Amino acid sequence: MKTFLDNLRTKSAGGIIILFVSIQVIAILGGLLFPDNFRYLLPANIAVLLKSMAPLGIMAIGVGILMITGEFDLSVGILYSFCAIVTATMVKEYNLSPYLAMLIGILVGITAGLIHGNIVNKFTIPSFIVTLGAMLLWKGGTLLYHGSKSLRYKYESESYEILLKGDIGVVDASFIWFILVGIIFYFILHHHKIGNHFYAVGGNSEAATAIGINPKRVKLIAFAIAGGCAALSGVVAMSRVGSVQPAGGLGLELEAIAACVIGGCALMGGRGSIIGIMLGTALIYTIQDLLLLLRAPGFYFDMFVGGLIVLAAITNVALRKRL
Amino acid sequence: MNQINLYEAKNITKKYGNLIALDDVNFHIAPNEVVGLLGDNGAGKSTLIKMMSGVVEPNKGNIFVDGNEIKIKNRKESEEIAGIETIYQNSALCDDMTIMRNIFMGREITNYFGFMNFKKMDEISTEVLTTGIEIAGIDSPSKEIGALSGGQKQAVAIARAVYFKRKILLLDEPTSALSVRETEKVLSYVTDLKKENVSSVIVTHNLYHAFQVCDRFVVMSHGKVVFEKNKQDTNIEEVTAQVIKV
């Protein structure tokens with residue numbers, strides 16, 4: 001038992017696993033004890049919960065990998081909207097296949113990430129500043145490209161309906177995308193050598209350089225992943241909802257950073273895990289769901305998530321220092 | 001001495017804008033020796049170390065490895081051609097990563113697609129930790145570097161260099177963050193390295209440490225080499241006087 005706890009303690013996802021499991025246990029117990037007043041275990045509730053977390057989750061995985069590498073991208077929120085709009089326009093105006101359009105949307109996201117990364121590398125400016133500027137730039141660009149109207153997106157195709165809008169029981173297609181992205185990046189981050197380089201560059205850039213790793217190249221890849229994930233999350237969300245708001249993604253970048261911090265990513269890089277990021281996202285939405293079920297007013301959500309971020313950061317530090 | 005030097009830099013000049021960091025510097029490393037690179041702050045020691053490790057490119061001068069002239073453009077080339085590894089004062093390790101991941105940082109054992117072979121890396125790490133340079137108090141390669149003491153960290157970095165068959169180790173103030181006992185340990189590793197046929201260059205402010213392990217002393221001042229003598233031909237007072245002379 002001691003080694004199990006010790007193991008949990010030293011893993012960056014240790015804190016979030018403990019927190020997540022405890023909250024689930026309480027919620028499930030509540031659902032079992034008061035099935036009529038607290039409908040946590042109702043299939044409809046579980047379905048809504050799973051459905052809601054995918055867009056932020058996919059984005060947070062990219063943001064988290066970039067954070068582990070020691071950088072930020074504040075423009076992922078607006079890229080989420082911009083790339084979705086690009087995808088929808090490709091289908092509506094140019095009659096492209098939705099899959100090809102989706103690929104183009106993701107490529108736009110990756111390109112944006114590469115541009116941000118290149119500027120950060122070339123001028124050695126903090127990525128926080130570069131992407132703060134980029135966020136405003138893309139925001140204006142989105143309005144310039146599309147205007148401020150919301151864009152309806154409907155594509156009638158059997159395979160598309162299944163792949164992006166279908167569900168298996170309570171599990172929505174978007175949630176499956178989230179899990180898929182999680183699995184892919186789990187193997188990249190934890191089992192591929194580039195993953196090792198992400199940690200090395202974020203943890204000690206000088207050491208990485210001394211050993212022959214090129215931090216600029218590694219950071220560039222991380223920026224591309226963050227941009228690509230942001231684009232994919234936008235397309236997945238748009239496909240499910242059937243429309244996209246030009247400013248709909250604004251603010252998501254901070255929520256994604258919140259999910260990463262709650263999930264045990266170090267703000268300065270070098271620490272974090274895919275499982276932590278995914279559970280961090282899940283926890284944010286679980287809390288939102290619990291508050292809705294308890295009929296708490298909307299602003300309680302922000303208060304709770306705010307508290308949670310600080311609590312998670314404290315837990316992570318405390319766990320590492322030994323309680 | 002007629003033996004061929006492992007590494008030789010001739011007439012090296014490095015400028016940063018108007019600042020001359022290295023001014024016509026000659027420096028060599030012979031097989032099986034420990035060189036003490038000394039001098040006050042800003043003397044050019046760190047620039048010289050960076051130049052040798054391939055991080056900084058000189059404006060002028062020639063570099064010879066095993067007697068053959070070569071060009072070193074980056075860190076990788078310095079590692080592969082000259083067999084040079086650098087250990088910085090904060091050690092070239094990541095605190096948040098395990099010992100195993102640190103040992104294989106940048107040199108991961110992977111399959112064709114770049115996925116890491118943890119089993120093999122774990123086996124080798126265990127071997128690195130238990131043979132060659134002996135490191136007290138480390139039992140498992142899955143321990144995080146952050147949990148080790150400063151001396152243990154340096155030891156891991158040195159063991160890593162030995163395992164990857166480096167010929168020259170550059171130690172940039174390796175003991176400045178260590179306790180007295182740990183310093184003794186790290187210095188003894190450096191002496192042990194000679195048995196493994198690894199030469200080293202130590203940059204340090206502590207002349208007593210330098211005298212403990214070095215075979216030859218090179219003192220720099222304002223980007224120039226101002227003094228160079230073998231240990232048997234000099235004494236600590238003379239070297240000290242050279243370092244503090246403006």
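Author: Hi! One term before we start: two strands count as paired when DSSP finds at least two bridges between them. We'll be applying it to a predicted model.

Reader: Great, let's use it right away. What stands opposite B:I63 in β5(B)?

Author: That's B:I70. B:I63 falls within strand β4 (residues 60–65) of chain B, and three bridges join β4(B) to β5(B).

Reader: And which way do β4(B) and β5(B) run, parallel or antiparallel?

Author: They run antiparallel. The sheet they sit in is open, with four strands in the order β2-β1-β4-β5 (chain B) and antiparallel pairing. Its edge strands are β2 (19–29) and β5 (68–70) of chain B, each pairing on one side only.

Reader: By how much are neighbouring strands of that sheet turned against each other on average?

Author: By 30°, with direction ignored.

Reader: Which strands of that sheet does α1(B) lie across?

Author: Helix α1(B) lies across β1 (7–16) and β2 of chain B, and runs at about 60° to β2(B). Helix α1 (residues 45–52) of chain B also lies across β3, β6, β7 (168–172), β8 (199–203) and β9 of chain B, where it runs at about 150° to β7(B).

Reader: Ah, those strands. In what order do the six strands of the open sheet come?

Author: The order is β6-β7-β8-β3-β9-β10 (chain B), and the pairing is mixed. At the edges are β6 (84–87) and β10 (224–230) of chain B, which each pair on one side only. From one strand to the next, the twist averages 20°.

Reader: How many bridges join β3 to β9(B)?

Author: Five, between strand β3 (residues 34–39) of chain B and β9(B), and these two run parallel. As an example, B:L37 has B:V218 in β9(B) as its bridge partner.

Reader: What about α6(B), where does that helix lie?

Author: Helix α6 (residues 180–195) of chain B lies across β3, β7 and β8 of chain B, running at about 155° to β8(B).

Reader: Switching to confidence. What pLDDT does chain B average?

Author: It averages 85, and 95% of the residues of chain B score at least 70. Among the elements of chain B, strand β9 (residues 216–221) has the highest mean pLDDT, at 93, while α2(B) has the lowest, at 80. The model as such scores ipTM 0.79 and pTM 0.85.

Reader: Good to know. Now the interface: how many residues of chain B are in contact with chain A?

Author: There are 21 from chain B, in contact with 19 residues of chain A. Helix α2 (residues 75–81) of chain B gives the most to the side that touches chain A, with three residues. That side of chain B has nine nonpolar, four polar and eight charged residues.

Reader: Over in chain A, at what angle do α3 and α12 pack?

Author: Helix α3 (residues 43–68) and helix α12 (residues 252–262) of chain A pack at about 70°, and their axes are 8 Å apart. Since 65 to 115 degrees counts as roughly perpendicular, α3(A) is roughly perpendicular to α12(A).

Reader: Is that crossing left-handed or right-handed, and which residues meet there?

Author: The crossing of α3(A) and α12(A) is right-handed. From α3(A) come A:L56, A:M59, A:A60, A:V63, A:G64 and A:M67, and they meet A:L252, A:E255, A:A256, A:I257, A:A259 and A:C260 in α12(A). By class, that contact has ten nonpolar, one polar and one charged residues.

Reader: Lovely, thanks!

Key:
Residues numbered from 1 in each chain as written. Chains lettered and ligands numbered in written order. Predicted model: local features only at pLDDT ≥ 70, side-chain atom pairs only at ≥ 80, totals over all residues. Contact = placed C-beta atoms within 7 Å. Nonpolar A, V, L, I, M, F, W, Y, C, P; charged D, E, K, R; others polar. Axes fitted to C-alpha atoms, helices over the stretch in contact; angles between N-to-C directions. Parallel < 35°, antiparallel > 145°, perpendicular 65-115°, else oblique. Left-handed = near helix turned anticlockwise from the far one by under 90°. pLDDT = per-residue confidence, 0-100.
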